[in-house]
Amino acid sequence: MREVLNRLRWDRRGGPGPVVLAVRVREGVVEGIEEIELASVSEILAGGVTVADGTFHPYHRLVSVKRGEEVLWHSSRG
(Lines give C-alpha, C1' and ligand atoms only; values in the text may rest on other atoms or scores of the structure.)
Protein backbone atom coordinates (compact mmCIF):
# COMPACT_ATOMS: atom_id res chain seq x y z
CA MET A 1 0.00 0.00 0.00
CA ARG A 2 2.88 2.35 0.79
CA GLU A 3 4.27 1.99 -2.73
CA VAL A 4 0.83 2.63 -4.29
CA LEU A 5 0.27 5.80 -2.25
CA ASN A 6 3.76 7.12 -3.01
CA ARG A 7 3.20 6.51 -6.70
CA LEU A 8 -0.15 8.36 -6.58
CA ARG A 9 1.39 11.22 -4.64
CA TRP A 10 4.30 11.85 -7.00
CA ASP A 11 2.91 10.81 -10.41
CA ARG A 12 1.68 14.01 -12.04
CA ARG A 13 0.04 12.07 -14.90
CA GLY A 14 -2.88 11.17 -12.67
CA GLY A 15 -6.48 11.69 -13.69
CA PRO A 16 -8.85 14.47 -12.75
CA GLY A 17 -9.76 15.11 -9.14
CA PRO A 18 -8.04 14.58 -5.83
CA VAL A 19 -7.11 11.14 -4.52
CA VAL A 20 -9.23 10.33 -1.46
CA LEU A 21 -8.56 7.64 1.15
CA ALA A 22 -11.53 6.13 3.00
CA VAL A 23 -10.44 5.03 6.48
CA ARG A 24 -12.32 3.24 9.28
CA VAL A 25 -12.31 5.37 12.43
CA ARG A 26 -13.73 4.84 15.92
CA GLU A 27 -15.17 7.33 18.34
CA GLY A 28 -15.93 5.42 21.51
CA VAL A 29 -17.83 2.32 20.40
CA VAL A 30 -19.09 3.88 17.17
CA GLU A 31 -17.18 3.00 14.00
CA GLY A 32 -17.47 5.09 10.85
CA ILE A 33 -15.68 6.00 7.65
CA GLU A 34 -13.61 9.18 7.30
CA GLU A 35 -12.45 10.45 3.93
CA ILE A 36 -8.98 11.98 3.75
CA GLU A 37 -7.46 13.66 0.72
CA LEU A 38 -4.03 12.32 -0.14
CA ALA A 39 -2.85 15.95 -0.29
CA SER A 40 -3.44 16.21 3.50
CA VAL A 41 -1.19 13.20 4.22
CA SER A 42 2.08 14.44 5.68
CA GLU A 43 3.87 11.05 5.90
CA ILE A 44 3.47 7.74 4.11
CA LEU A 45 5.10 5.24 6.47
CA ALA A 46 5.66 1.47 6.50
CA GLY A 47 2.64 0.84 8.75
CA GLY A 48 0.25 3.62 7.76
CA VAL A 49 -0.14 7.31 7.02
CA THR A 50 0.04 10.43 9.18
CA VAL A 51 -2.17 13.39 8.27
CA ALA A 52 -1.39 17.09 8.78
CA ASP A 53 -3.03 17.22 12.24
CA GLY A 54 -0.73 14.41 13.46
CA THR A 55 -3.33 11.61 13.37
CA PHE A 56 -1.90 8.23 12.38
CA HIS A 57 -4.08 5.87 10.32
CA PRO A 58 -2.72 2.30 10.01
CA TYR A 59 -3.12 0.56 6.65
CA HIS A 60 -5.36 -2.16 8.10
CA ARG A 61 -8.02 0.54 8.60
CA LEU A 62 -7.89 1.66 4.97
CA VAL A 63 -11.13 0.82 3.13
CA SER A 64 -10.56 2.29 -0.33
CA VAL A 65 -8.58 4.71 -2.46
CA LYS A 66 -10.48 6.73 -5.09
CA ARG A 67 -9.86 9.46 -7.62
CA GLY A 68 -13.21 11.05 -8.39
CA GLU A 69 -15.62 8.16 -8.99
CA GLU A 70 -12.82 5.77 -10.00
CA VAL A 71 -11.92 3.19 -7.33
CA LEU A 72 -8.16 2.70 -7.51
CA TRP A 73 -8.01 0.19 -4.65
CA HIS A 74 -10.55 -1.48 -2.35
CA SER A 75 -9.92 -3.59 0.74
CA SER A 76 -10.62 -7.30 0.48
CA ARG A 77 -11.78 -7.17 4.12
CA GLY A 78 -15.19 -5.94 3.03
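In the predicted model, strands S3 and S4 run antiparallel and are joined by 3 bridges. The two strands form a hairpin, with 3 residues between them. Within this pairing, Glu 43 has Thr 50 of S4 as its bridge partner. Strand S4, which spans residues 48-51, also pairs with S5 in the antiparallel sense, again through bridges, 3 in number. On that side, Thr 50 stands opposite Phe 56 in S5. Thr 50 is thus a point of reference for both pairings, with Glu 43 as its partner in one and Phe 56 facing it in the other.

Together these strands make up an open sheet of 3 strands in the order S3-S4-S5, with antiparallel pairing. Strand S3 (41-44) and strand S5 (56-58) occupy the edges; each has a single partner strand, so one side of each is left without a neighbour in the sheet. On average, and with direction ignored, neighbouring strands of this sheet are turned by 25° against each other. Helix H1, formed by residues 2-10, packs on the sheet and touches S3 and S4. The direction of H1 makes about 135° with that of S3.

A further antiparallel pairing involves S1 and strand S2 (residues 30-37), which are joined by 8 bridges. Arg 26 has Glu 31 of S2 as its bridge partner. S1 and S2 likewise form a hairpin, here with 2 residues between the strands. Gly 28, located in the turn, has a positive phi of about 70°.

The interior was examined next. The largest nonpolar core comprises 15 residues, and those with the most contacts inside it are Leu 5, Leu 21, Val 41, Val 49 and Val 65. Two or more residues are given to this core by each of H1, strand S1 (19-27), S3, S4 and strand S6 (62-67). The greatest contribution comes from S1, with 4 residues. When neighbours within four places in sequence are left aside, Val 49 is in contact with Leu 5, Leu 21 and Val 41, three residues that are also listed among those with the most contacts inside the core. The remaining contacts of Val 49 on the same basis are Glu 43, Ile 44, Thr 55, Phe 56, His 57 and Tyr 59.

Burial was also found towards the end of the chain. Ser 75 lies in the segment after strand S7 (70-74). The relative accessible area of Ser 75 is 9%, so this residue is classed as buried, the cut-off being under 20%. Leaving aside neighbours within four places in sequence, Ser 75 is in contact with Leu 62 and Val 63.

Considered as a whole, the protein chain has 1 helix and 7 strands, which follow the pattern α-β-β-β-β-β-β-β when read along the sequence. The radius of gyration is 12 Å, close to the 12 Å that the globule rule gives for 78 residues, so the chain is as compact as a globular protein of that length. Along the principal axes, the C-alpha atoms fill a box of roughly 40 × 25 × 20 Å. Of the 78 residues, 35% count as buried. The chain exposes about 5,200 Å², of which carbon and sulfur atoms supply 51%. Among contacts between residues at least 6 apart in sequence, 46% join residues at least 24 apart.

Methods
Residues numbered from 1 in each chain as written. Predicted model: local features only at pLDDT ≥ 70, side-chain atom pairs only at ≥ 80, totals over all residues. Heavy atoms only, no water. Pairing = 2+ DSSP bridges. Axes fitted to C-alpha atoms, helices over the stretch in contact; angles between N-to-C directions. Contact = heavy atoms within 4.5 Å. Core = buried A, V, L, I, M, F, W, Y, C linked by side-chain atoms within 4.5 Å. Buried < 20%, exposed > 50% of the residue type's maximum accessible area, 1.4 Å probe, protein only. Rg over C-alpha atoms; globule rule 2.2 N^0.38 Å. Areas by Shrake-Rupley, 256 points an atom, 1.4 Å probe, with all protein chains shown as cover.
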